[in-house]
Amino acid sequence: MADLLRREEEFYASLFDSPKGGDAVKSRGQMIERKIEVLEDMATKVSNRRSRRWLNDRLLIELVPRLHVEEIKGLFAPPPWGEELPVSAFCRTSDGEWDAFRSIDMDVEARLMQQMKQSSTKQKNHVDSDELIALNAWHRIDRQTREAIKRNFLPDLLDIYEDRIRAFIEDASGKDVLVLNVQDPFQRLLLHGVCEFYNVSSTTTTTMRDGKLWKTTTIKRRPGTGAPSRLTLVSFLRMKKNGSQ
């Protein structure tokens with residue numbers, strides 16, 4: 001083992017005392033290759049487990065190239081060793097503003113927190129109520145039409161139908177009938193689904209026009225038709241698609 005250490009020291013001395021310039025680089029590379037060969041040869045001849053482990057560690061060290069300053073710095077790049085931490089909002093704010101925040105009266109703080117909690121609860125209940133109304137309206141649509149709407153979701157077309165029907169329901173001029181001419185069978189199915197969502201009746205009749213069949217859909221209010229829901233059909237379906245409960 002002592003002989004191995006002596007030969008190791010000789011190798012290190014030869015590496016750092018090599019000539020300067022281009023020849024130095026070439027000579028140093030050759031010495032490293034020679035050292036690796038010798039270490040490999042030693043590792044095969046040493047039987048002691050501790051010595052073999054020491055030789056293997058030395059061999060691994062020689063196989064790894066020397067790191068530059070930037071490479072060493074990169075090993076400690078994550079904070080708190082490397083780059084400086086960004087300045088927090090607490091540090092960017094003047095002491096006076098934070099003093100006012102820290103010194104707030106406990107009773108005032110309790111009232112403020114209670115008001116925020118009540119406001120959040122009221123808003124949540126309001127959203128839940130709108131969603132419940134939309135859910136009931138959705139279930140008014142027959143199952144076949146619901147599956148068709150979900151399978152081939154056409155939000156732009158549904159938006160057009162909803163705008164026309166909502167305007168018809170909210171019309172105060174006394175208009176009792178809305179007539180739409182939708183010739184495509186699937187689009188007409190969607191129209192009937194939107195009508196059910198807003199609780200209005202829809203009937204399609206067939207006539208002849210220029211020798212061709214012409215479809216006309218007549219939409220009327222029902223006795224139970226009320227103001228349109230705050231949540232549209234398209235918005236409701238998007239909420240459900242995104243996993244909203």
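A salt bridge here is a side-chain nitrogen of Lys or Arg within 4 Å of a carboxyl oxygen of Asp or Glu. This is a predicted model, where local features need pLDDT of at least 70, side-chain atom pairs count only at pLDDT 80 or more, and totals for chains, interfaces and linings use all residues. Residues are numbered from 1 along each chain as its sequence is written, and side-chain values use heavy atoms, with hydrogens and water left out.

Q: Which residue forms a salt bridge with Arg 222?
A: Arg 222 lies in the loop between β3 and α11. Its partner sits in helix α10, 26 residues apart in sequence. The closest N and O atoms are 2.8 Å apart, and the partner is Glu 196.

Q: How many helices are in the protein?
A: Helices are DSSP runs of H or I with at least four residues, strands are runs of E with at least two, and both are numbered from the N terminus. The order is α-α-α-α-α-α-α-α-α-β-α-β-β-α. Beside three strands, the count of helices is eleven.

Q: Is Asp 130 buried or exposed?
A: Buried means under 20% relative accessible area, exposed over 50%, and partly exposed in between, with a 1.4 Å probe and protein chains only. Asp 130 has a relative accessible area of 14%, so Asp 130 is buried.

Q: Which residue meets Asp 130 in a salt bridge?
A: The N to O distance is 3.1 Å in the bridge between Asp 130 and Arg 230. The pair links distant parts of the chain, 100 residues apart: helix α7 (residues 106-140) and the loop between β3 (212-221) and α11 (233-241). Asp 130 is buried at 14%, whereas its partner is exposed at 61%. That partner is Arg 230.

Q: Which residue forms a salt bridge with Glu 131?
A: The closest N and O atoms of this pair are 3.0 Å apart. Glu 131 is in helix α7 and its partner in helix α11, so the bridge ties together parts 109 residues apart in sequence. Glu 131 is buried at 7%, while the partner is partly exposed at 35%. The partner is Lys 240.

Q: How far apart in space are Pro 185 and Lys 215?
A: Pro 185 lies in helix α10 (residues 185-197). Pro 185 is exposed, at 55% relative accessible area. Lys 215 is 30 residues away in sequence, and the C-alpha to C-alpha distance is 9.4 Å.

Q: What share of the 245 residues counts as buried?
A: The cut-off is under 20% relative accessible area. Glu 131, at 7%, is one of the buried residues. For the protein, the share is 27%.
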